[in-house]
Amino acid sequence: MMKQQVKPTGKDIKRVAALASLSLSEGEAEALTEDILDMLSVAQSLLTDSLQTDLSNGETQGVMREDAQGKAWPCDVWLSCAPSADSPYITVPRVVGGPEHDE
């Protein structure tokens, strides 16, 4: 049985944006809808192509390998990559909640 494909609408995009505390204009919602539909189309074709390749080669076993512990990066390397740091912590801006989001 084939699953019915659901295509997101501008209304869906605006609902998800609201959940993420983002505000979008109608034009932005329409543009994002088109972008997402394009991405879903590419993902579907990749999935279909991958599935056909997997079925055609007859191999179904996965590749298993032992886990190996690698060398950890020093703390100062991680801190140098952060936009803001207060050793030994990385500071990040608050993006959810706060006074600018209270309505």
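How many salt bridges does the structure hold? The structure holds 2 salt bridges, a salt bridge being a side-chain nitrogen of Lys or Arg within 4 Å of a carboxyl oxygen of Asp or Glu. The model is a predicted one, in which local features need pLDDT of at least 70 and side-chain atom pairs count only at pLDDT 80 or more, while totals for chains, interfaces and linings use all residues. Residues are numbered from 1 along each chain as its sequence is written, and side-chain values use heavy atoms, with hydrogens and water left out.

One salt bridge joins the side chains of R15 and D12, with an N to O distance of 3.3 Å. Both residues belong to helix 1 (residues 10–19), where they stand 3 residues apart, about one turn of the helix; helices here are DSSP runs of H or I with at least four residues, numbered from the N terminus. R15 is partly exposed at 47% relative accessibility, and D12 is likewise partly exposed, with a relative accessible area of 24%, where buried means under 20% relative accessible area, exposed over 50%, and partly exposed in between (1.4 Å probe, protein chains only).

The salt bridge between E26 and K14 has its closest N and O atoms 3.1 Å apart. Because E26 lies in helix 2 and K14 in helix 1, this pair ties together parts that are 12 residues apart in sequence. E26 counts as exposed at 52% relative accessibility, whereas K14, at 29%, counts as partly exposed.

Helix 2 (residues 26–57) also contains T33, which is buried, with a relative accessible area of 7%. A polar atom of the T33 side chain lies 2.7 Å from the backbone oxygen of A29. When neighbours within four places in sequence are left aside, T33 is in contact (heavy atoms within 4.5 Å) with P8, T9, G10 and I13.

A further feature is found on the surface, where W73, V77, W78, I90 and V92 make a nonpolar patch of about 540 Å². Such patches are made of residues with over 30% relative accessible area and no salt bridge, nonpolar side chains (Val, Leu, Ile, Met, Phe, Trp, Tyr) being joined within 5 Å and like charges within 9 Å; accessible areas come from the Shrake-Rupley method with a 1.4 Å probe, and for residues only the protein chains shown count as cover. Among the patch residues, V77 is placed in helix 3 (residues 75–81) and is partly exposed, with a relative accessible area of 30%.

Key. Helices (H or I, at least four residues) and strands (E, at least two) are DSSP runs, numbered from the N terminus. A polar contact is a pair of N or O atoms within 3.5 Å; within protein, one must be able to donate a hydrogen and the other to accept it, and residues adjacent in sequence count only if both atoms are side-chain atoms.
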